[in-house]
Amino acid sequence: QAQLKESGGGLVQAGASLRLSCTASGRTLLSYYVVGWFRQVPGKEREFLAAIDWSVGLTYYEDSVKGRFTISRHSAERTVTLQMNDLRPEDTAIYYCAVKGRGQTRDEYRSWGQGTQVTVSS
């Protein structure tokens, strides 16, 4: 029942940084959820990037972005951010956030937002 909205994307040059935000609306108790960031290029599979357990702040990163991307939670704003540094053209994609229950598998993410476009020029 969570309603998520992504924001913060844009057109940037290689080497620049962006911070994406995923904001949850309503009165959903986020302490029960893991919030994940994904990206997808049209026609290709959706790629997992990072996730954070809202309750305890534990984070998980895909090896391909570890060290460049940082996921954080901001309790007062009911928001999870993805700080992306040293962006590269291959980072160009639509970025999505979603939630799953603690103990659920990656295949069980749900409540996808509409996505925010990130375009990185060379």
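**Backbone, sheet and salt-bridge features of the predicted model**

D86 is partly exposed, with a relative accessible area of 38%; residues are classed as buried under 20% relative accessible area, exposed over 50% and partly exposed in between (1.4 Å probe, protein chains only). The structure is a predicted model, in which local features require pLDDT of at least 70 and side-chain atom pairs count only at pLDDT 80 or more, while totals for chains, interfaces and linings use all residues. Residue numbers start from 1 along each chain as its sequence is written, and side-chain values rest on heavy atoms, with hydrogens and water left out.

The backbone of D86 adopts a positive phi of about 50 degrees, although D86 is not a glycine. This residue is found in the loop between β8 and β9, where strands (E, at least two residues) and helices (H or I, at least four) are DSSP runs numbered from the N terminus. R78, likewise not a glycine, also has a positive phi of about 50 degrees. R78 is located in the loop between β7 (69-74) and β8 (79-84) and is partly exposed, its relative accessible area being 23%.

Four strands make up an open sheet in the order β1-β3-β8-β7, with antiparallel pairing; two strands are taken to pair if DSSP finds at least two bridges between them. The edges are occupied by β1 (3-7) and β7, each of which has a single partner strand, so one side of each is left without a neighbour in the sheet. Neighbouring strands here are turned against each other by 20 degrees on average, direction ignored; the axes are lines fitted to C-alpha atoms, for helices over the stretch in contact, and angles between N-to-C directions run from 0 to 180 degrees. Within this sheet, five bridges join β1 to β3 (residues 18-25) in the antiparallel sense, and T23 in β3 is the bridge partner of K5.

A further open sheet comprises six strands in the order β2-β10-β9-β4-β5-β6, with mixed pairing. Its edge strands, β2 (10-13) and β6, each pair on one side only. The average turn between neighbouring strands of this sheet is 25 degrees, direction ignored. Strand β4 is mostly covered, as seven of its eight residues are buried. Eight bridges connect β4 with β9 in an antiparallel arrangement, with G36 standing opposite A98 in β9. On pairing with β5, β4 forms six bridges, again antiparallel, and V34 stands opposite D53 in β5. These two strands form a hairpin with six residues between them, and G43 in the turn has a positive phi of about 90 degrees. Strands β9 (residues 93-101) and β10 (residues 116-121) run antiparallel and are joined by three bridges; I94 faces Q117 in β10.

V41 lies in the loop between β4 (33-40) and β5 (47-53) and is partly exposed at 33% relative accessibility. Discounting residues up to four places away in sequence, V41 touches T92 and A93, contact being defined as heavy atoms within 4.5 Å. The C-alpha atoms of V41 and I52 are 23 Å apart, for a sequence separation of 11 residues.

Seven salt bridges are present in the structure, each defined by a side-chain nitrogen of Lys or Arg within 4 Å of a carboxyl oxygen of Asp or Glu. R102 and D53 form one such pair, with their closest N and O atoms 2.8 Å apart. R102 lies in the loop between β9 and β10 and D53 in strand β5, so this pair ties together parts that are 49 residues apart in sequence. R102 is partly exposed at 46% relative accessibility, whereas D53 is buried at 5%. For the salt bridge of E62 with R106, the closest N and O atoms are separated by 3.8 Å. E62 lies in the loop between β6 and β7 and R106 in the loop between β9 and β10, so parts that are 44 residues apart in sequence are tied together. E62 is partly exposed at 29% relative accessibility, as is R106 at 48%. A network of salt bridges links R39, E47, R68 and D91. In the bridge between E47 and R39, the N to O distance is 2.9 Å; E47 is partly exposed, with a relative accessible area of 28%, while R39 is buried at 9%.
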